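Student: Could you take me through the aromatic side chains of this model, one contact at a time? I would like a close look at how the rings are placed.

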Amino acid sequence: MSDEHSAVHPADGHTTIVVSGARAHNLKDISVEIPKRRLTVFTGVSGSGKSSLVFSTIAAESQRLINETYSAFLQGFMPSQSRPDVDVLEGLTTAIIVDQERMGANPRSTVGTATDVNAMLRIVFSRIGDPHVGPPNAFSFNTASISGAGAVQFEKDGKVVKERRDFAILGGMCPKCEGRGTVSDFDLDELYDADKTLTEGALKVPGFSMDGWYGRIFGALLPMDTPIRDFTEQQLNDLLYKEPTKVKIEGSNLTYEGLIPRVQKSMLSKDREAMQKHIRAFVDRAIVFTSCPACDGTRLNESARSAQVNGLNIAEASALQITDLAEWVRGIDDPGLAPLIANLSHTLDSFVQIGLGYLSLDRPSGSLSGGESQRTKMIKHLGSSITDATYVFDEPSIGLHPHDIQNMNELLLRLRDKGNTVLVVEHKPEMIGIADHVIDLGPLAGSAGGEVCFTGTVDGLRSSGTLTGRHLDDRASLKDTVREATGSIEVRGADQHNLQGVDVDVPLGVLTVITGVAGSGKSSLIHGNVSTRDGVVAVDQGAIRGSRRSNPATYTGLLDPVRTAFAKANGVKPALFSANSEGACPECKGAGVIYTELGVMATVESTCPVCEGRRFNDAVLEYTLGELSIADVLELSMSEARDFFASAEARVTKAVKILDKLVDVGIGYIKLGQPLSTLSGGERQRLKLAIHMIEDADTYVLDEPTTGLHLADVQHLLALLDRLVDAGKSVIVIEHHQAVMAHADWIIDLGPGAGQQGGRVVFAGTPSDLVAEQSTLTGEHLAAYVGA
């Protein structure tokens, strides 16, 4: 051995993360080596296994091992994690995950509270605010002011002692709106039909049927056969406002509560985006949200708003655009607060650096797009002194204009250059292009994926012949002719968020693309002025929520006609064919697996020995439709199920209609019974798109439908949008993907910048005109993309 080699320290030999025999979800026993301190991009079609390898295997095991270093006491408070299905994982480092999950949609969560900037700002105002109000909690809209007094009893020196104690908590919460910034009022005409009786179904609130217990409870206090219009004042007051009251019915103690307090507890306590669709539609009709008159929408009480620093109170500071707030913070000159001000300035500068300087701290976190949420989570890592960590990113290009992608690339490279391993799951060629190393999974999705098709450099990927390699240099071309509009939706004086009195006509009967840099006002313009109109169906970026028991068959409503068909064919009731109802396996209660809790150790999950994971009891599995049991049907892929339910022996027309849409959006390979929790981001997005396409609408609004889509799938999406328009529908797409822009009939470009520098229409016309003029950032990038 030469001197040169003998001088290499043993610690410097660990240069790769070694994965051997990974089998999570659809991975087929794959083995791969990932270079450390390099930027590795994982590519492949949606559902090919990228997230299963990166998140469910590498990142999951890293986090599990870190959790095991804590004491058993602390682990008891942490979510238990089982070891991923993999033979060997070597060379792991601490994993820091920045995923696509939208930020909490709690009504009291804002950009400021989610990033801890509010916490720092509250300390500033509690220390140097004039007049002095109190501790930091006095400026928190999540803390109510409470005071009380009373006797407490405790044991001291073997004697029972009673003492009087007083306590007081000074909070900043506005007492009227409870820190929400908005108050709600009810449209009584949407709560009940005054001409009907309760028995006739006068109540319009979802879930209030008079056929069951509700009818008996209401009947104990109210006349059921009198039209509500003829109720006495007291009876109407009881119907709407009565506080919880115990009533005895058939020997049972039950509680009656007026409609309005019950709706407030069951519906208004949830964020709008987290509601089921029919509940959200009711809330939108029945409840009018207005800015709280007591705090003027600031969420804070008068005391918190009285203290000022450099001419602003904390509510005014939180309402500033972050770029302006950063300047204001730099103007605070107090030696005692110097370390805090430096930290606060650094965090605010990170917002600007990452392209979110147009936000304000009082922006509700639930209103952030997927891309904005992801970048907000990145902020705490940008100035971190940690090195030799593994940063894991899930499509960081989501929600980013081509101009913004350049900035994101610089940030990823900077993280790598600090000595970190950066793993990125990505589809955009602009981000794949900066990779040091590429791992391409596939060849296709679902059961046809889960294999490593290529590992190497970007140039090697181009010439590899894989699906990603073949499509890496795909560029959509501008259309020779564009469709003519058949009408328009007129928007006048739009001023939501940063929109500056926008007047624009959105054409109908064509494919219209709304574009512009992140934060230019695209979503505000469309969701605030177009999505809410009659005949318009909007598909937003909200995540599909579902447990392990939820699957595409239950989520799409497909299982209802299928259960009915099974029941009819066998002369039994439909509830038998539900794994969440009477047909469930008695051992695992229809889950298909048995969970064994082991305290601080990971919960052990094993296939149910009675039903062997089929979820139904044996008696149910004897009933068939077209020679298949209900469990066999749930094992079919969507494409197979469509053919099955179209056949003469098992015809279910409603099911075929739903399955046609699911296959149409390119997820025909997914099994009907696959848990929603195992679907990738792109698969969930397309499942949601299919659901909305089942609804008959004149106009479809799609918010970034290319999210999670492979380059090859974008062509299928464009073909689907064309079919919708050719069928006489209007399609409006909020999008940054240049292939979609090039394919549009009409483009509306907002800008010129983000936040206060945006909010104006800087171009409206055909893609050809936008490329020819190159008068906007979008025009410049689109011209470069199509080679003009």
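Tutor: The charged end of R299 sits over the ring of F141, 5.1 Å from the centre of that ring. Keep in mind that this model is predicted. Turning from charge on ring to ring on ring, the count comes to 8 aromatic pairs. One of them joins F125 and F139: the ring centres are 5.9 Å apart and the planes meet at 45°, so this pair is tilted. Its two members come from distant parts of the chain, 14 residues apart, with F125 in helix α5 (residues 117-128) and F139 in the loop between α5 and β6 (146-156). Both rings can be placed by their accessibility. F125 is buried, at a relative accessible area of 0%, and F139 counts as buried too, at 2%.

Another pair to look at is F577 with Y623, where the centres lie 6.0 Å apart; the planes are at 70°, so the arrangement is edge-to-face. F577 belongs to the loop between α22 (559-570) and β20 (593-596), while Y623 belongs to the loop between α23 (618-621) and α24 (630-634), so the pair ties together parts 46 residues apart in sequence. Here the surroundings are worth checking as well: F577 is buried, with a relative accessible area of 0%, whereas Y623 is partly exposed, with 25%.

Finally, go back to the tilted pair and add a tryptophan: F125, F139 and W328 form one aromatic cluster.

Conventions
Residues are numbered from 1 along each chain as its sequence is written. This is a predicted model: local features need pLDDT of at least 70, side-chain atom pairs count only at pLDDT 80 or more; totals for chains, interfaces and linings use all residues. Side-chain values use heavy atoms; hydrogens and water are left out. Rings of Phe, Tyr and Trp (its six-membered ring) pair if their centres lie within 6.5 Å; planes under 30 degrees apart count as stacked, over 60 as edge-to-face and the rest as tilted. Helices (H or I, at least four residues) and strands (E, at least two) are DSSP runs, numbered from the N terminus. Buried means under 20% relative accessible area, exposed over 50%, partly exposed in between (1.4 Å probe, protein chains only). A charge sits over a ring if NZ of Lys or CZ of Arg is within 6 Å of the ring centre and within 35 degrees of the ring normal.
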